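Grab a coffee and work through these short exercises with the model open. Try each task yourself before reading its solution.

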Amino acid sequence: MSRVSPRSWLILAVPVVGLLALTYSATTSEPRASAQRQGPAVPLRDRPLPAGGTAQLSKCGVDEPPRPVPRGEGEQSMAPRLVLTSWGYYDPGPKAPGETRFTVHAAIRAGDRPLVLDAPLAKGQVTLDLHGPHGQGVRASARGLTATVVDSGFKGKAVEVPASGRFRVDPGKELLLDVELPTGAVCPGHSLLDINRCSPEDTNDATDCPVLTLTFTDPAIRAYRAEMTGDSADGPLSDRLVAVSWELRASQV
């Protein structure tokens, strides 16, 4: 009786192992995808950021609505209003000064009366979240940030604080802001370069792209809303402005 050599057993085993691997992959693709949508198996911990604020890494991979739960009335009122104008990754290149960064450009618009905000603007009271599409969950999240008031020029140069120590937004005008997303607030598996990529990248469908949420908190916002509505500033009015880049049912949220 002939015996099969160890080398022959190895050659015979490779196709069998490969077949089993393909079978396993075909039968378990849905659970694996589902696990990715639910975030990391072991939740990450939040941690302080070098320049101030907190990286909310515990939110990484969590599939949550982009618009936070309102904590008072008026968060979706037209005045005052926080509007996102643009955002994205910037790389100065090897020959130019500066570092790579991800910047969110926004504007605060007032109603029919001036809005006055103390400087520095909403110090430590700005939150920035970026949500991946298709249930991928949060890709980056930071709280405790501070907005920078900028001019209307390219790259947004910082504006000096007025002698009064306050910035005034007159009716029909807007106050331009920049908010930098710290690298440390980007979730593992992503970078400043790719957190804003759509899936697929060549899509024309907004539902394939990330959604950005910016919140701005200041006591002056509540006081302004109280003046607009005639209510008490101690009432249930929100002191927060919220801007969401895109919402599926914006008219019904």
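**Exercise 1.** Numbering the bonded cysteines of the protein chain in sequence order, what is the pairing?

Solution. This is a predicted model, with pLDDT of at least 70 required for local features and 80 or more for side-chain atom pairs, while totals for chains, interfaces and linings use all residues. Numbering runs from 1 along each chain as its sequence is written, and side-chain values use heavy atoms, without hydrogens and water.

- Step 1: searching the whole structure turns up two disulfides (cysteine sulfur atoms within 2.5 Å).
- Step 2: Cys-60 is joined to Cys-187, S to S 2.1 Å, and Cys-198 to Cys-209, S to S 2.0 Å.
- Step 3: put in sequence order, that gives 1-2, 3-4.

**Exercise 2.** Is the disulfide of Cys-60 and Cys-187 left-handed or right-handed, and why?

Solution.

- Step 1: look at the torsion about the S-S bond of Cys-60 and Cys-187; it's about -90°, so this disulfide is left-handed.
- Step 2: find the ends. Cys-60 sits in the loop between strand E2 (54-55) and strand E3 (81-90), and Cys-187 in the loop between E10 and strand E11 (211-217), so the pair ties together parts 127 residues apart in sequence. Strands are DSSP runs of E, at least two residues.
- Step 3: check accessibility. Cys-60 and Cys-187 are both buried (under 20% relative accessible area; exposed is over 50%, partly exposed in between; 1.4 Å probe, protein chains only).

**Exercise 3.** What is the handedness of the disulfide of Cys-198 and Cys-209?

Solution.

- Step 1: the torsion about the S-S bond of Cys-198 and Cys-209 is about 100°, so you've got a right-handed disulfide.
- Step 2: Cys-198 and Cys-209 each lie in the loop between E10 and E11, so they tie together parts eleven residues apart in sequence.

**Exercise 4.** How many salt bridges does the structure hold?

Solution.

- Step 1: the count is 13 (a side-chain nitrogen of Lys or Arg within 4 Å of a carboxyl oxygen of Asp or Glu).
- Step 2: take Arg-109 and Glu-174, whose closest N and O atoms are 2.9 Å apart. Arg-109 belongs to strand E4 (residues 101-109) and Glu-174 to strand E10 (residues 174-181), so this pair ties together parts 65 residues apart in sequence. Arg-109 is partly exposed at 35%, and Glu-174 is partly exposed at 40%.
- Step 3: now Lys-59 and Glu-64, 3.1 Å from N to O. Lys-59 is buried at 17%, whereas Glu-64 is partly exposed at 27%.
- Step 4: extend the picture to Asp-129, which is linked with Lys-59 and Glu-64 in a network of salt bridges.

Conventions. Helices (H or I, at least four residues) and strands (E, at least two) are DSSP runs, numbered from the N terminus.
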